[in-house]
Amino acid sequence: MNALQSQRWAPRVTVATVVSRAGQLLLVEEEKDGRRVLNQPAGHLEPDESLLEAAVRETREETGWDVRLTGFIGTYQWTAADGTPFLRFAFAAEPLLHHPEQPLDAGIVQAIWLTPAQLQADLARLRSPLVWQTVSDWLAGQRHPLSILRQVL
């Protein structure tokens, strides 16, 4: 086994939320590599933060919306074209309160509400295949209790 093979696999751990309201999903339009792409509110897990806390925080930072998590959709393993591995934890959520005055994270152009059909019609603009896979699983009713995720302190 060479040195490269003996390195541990260390994916980037991310969270994402599927926030639904009146048949629409809350998405972010963001700048990525010089183009505007669509994504769920999503981001990286921070030190000492639970997955649930990260999902709520990232949604607020990227959209200005406070949300209540209602279920765990699933875990997704994906490797980007540049070889970066990701491990994404996706949640279902409902919107509670919007803070329109809040500045959005750097790179976020806007938060927008789209129907699943509108999103599916624009698959070429998705930031990654994780976006539609997560929505597809959510549309199929895939939900698990939040209690299956535990932070052991």
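Let's call a residue buried when its relative accessible area is under 20%, and exposed when that figure is over 50%. On that scale, buried residues account for 44% of the 153 residues in the protein chain. Keep in mind that what you have in front of you is a predicted model.

Start with the overall layout. The protein chain has four helices and seven strands, and walking along the sequence you meet them in the order α-β-β-β-β-α-β-β-β-α-α. The radius of gyration comes out at 16 Å, close to the 15 Å that the globule rule gives for 153 residues, so the chain is as compact as a globular protein of that length. If you boxed up the C-alpha atoms along the principal axes, you'd need roughly 55 × 40 × 35 Å.

How does the chain hold together across its sequence? Take the contacts between residues at least 6 apart in sequence: 72% of them join residues at least 24 apart. As for the outside, the protein chain exposes about 8,600 Å², with carbon and sulfur atoms supplying 52% of that area. There are 14 positive and 18 negative charges, and the mean positions of the two sets are 4 Å apart.

Now for the strands. A good place to begin is S1, which covers residues 12-21. S1 runs parallel to S6 (residues 85-98), and eight bridges join the two. S1 also pairs with S4 (residues 42-44), this time in the antiparallel sense and over three bridges. Threonine 14 lets you see both pairings from one spot: it stands opposite arginine 88 in S6 and opposite histidine 44 in S4.

S1 has another partner, S2 (residues 24-32), which runs antiparallel to S1 and is joined to it by two bridges. Here, serine 20 stands opposite leucine 25 in S2. Follow leucine 25 and you get to S7, where its bridge partner is leucine 114. S7 spans residues 108-114 and is antiparallel to S2, with six bridges between them. S2 pairs with S3 (residues 35-39) as well, again in the antiparallel sense, over five bridges. One of the residue pairs to look for there is glutamate 30 with valine 37, its bridge partner in S3.

Two of these pairings are hairpins, and their turns deserve a look. Which backbone angle should you check there? It's phi. Most residues other than glycine have a negative phi. S1 and S2 form a hairpin with two residues between them, and alanine 22 in the turn has a positive phi of about 50 degrees. That's a positive value in a residue other than glycine. Alanine 22 is also exposed, because its relative accessible area is 80%, over the 50% cut-off.

The S2 and S3 hairpin also has two residues between its strands, and in its turn aspartate 33 has a positive phi of about 55 degrees. Aspartate 33, too, is a residue other than glycine with a positive value. Is aspartate 33 buried or exposed? At 73% relative accessibility, it counts as exposed.

For residues at the other end of that scale, go back to S4, where alanine 42 lies. Alanine 42 counts as buried because its relative accessibility is 10%. Leaving aside residues up to four places away in sequence, alanine 42 touches Val15, Ala16, Glu58, Glu62 and Arg88. Arg88 is the residue that came up earlier, standing in S6 opposite threonine 14. You can also use alanine 42 to get a feel for distances: isoleucine 148 is 106 residues away from it in sequence, and their C-alpha atoms are 20 Å apart in space.

Loops can hold buried residues too, and glutamine 102 is an example. Glutamine 102 is found in the loop between S6 and S7. Even so, its relative accessible area is 18%, so it is buried. Which residues does glutamine 102 touch, not counting those up to four places away in sequence? They are Arg60, Glu61 and Gly64. Set that beside alanine 22, which is found in the loop between S1 and S2 and is exposed.

Conventions:
Residues are numbered from 1 along each chain as its sequence is written. This is a predicted model: local features need pLDDT of at least 70, side-chain atom pairs count only at pLDDT 80 or more; totals for chains, interfaces and linings use all residues. Side-chain values use heavy atoms; hydrogens and water are left out. The radius of gyration is taken over C-alpha atoms; the globule rule is 2.2 Å times the number of residues to the power 0.38. Buried means under 20% relative accessible area, exposed over 50%, partly exposed in between (1.4 Å probe, protein chains only). Contact means heavy atoms within 4.5 Å. Accessible areas come from the Shrake-Rupley method with a 1.4 Å probe; for residues, only the protein chains shown count as cover. Lys and Arg count as positive and Asp and Glu as negative; His and the chain ends are not counted. The place of a charge is taken as NZ of Lys, CZ of Arg, CG of Asp or CD of Glu. Two strands pair if DSSP finds at least two bridges between them.
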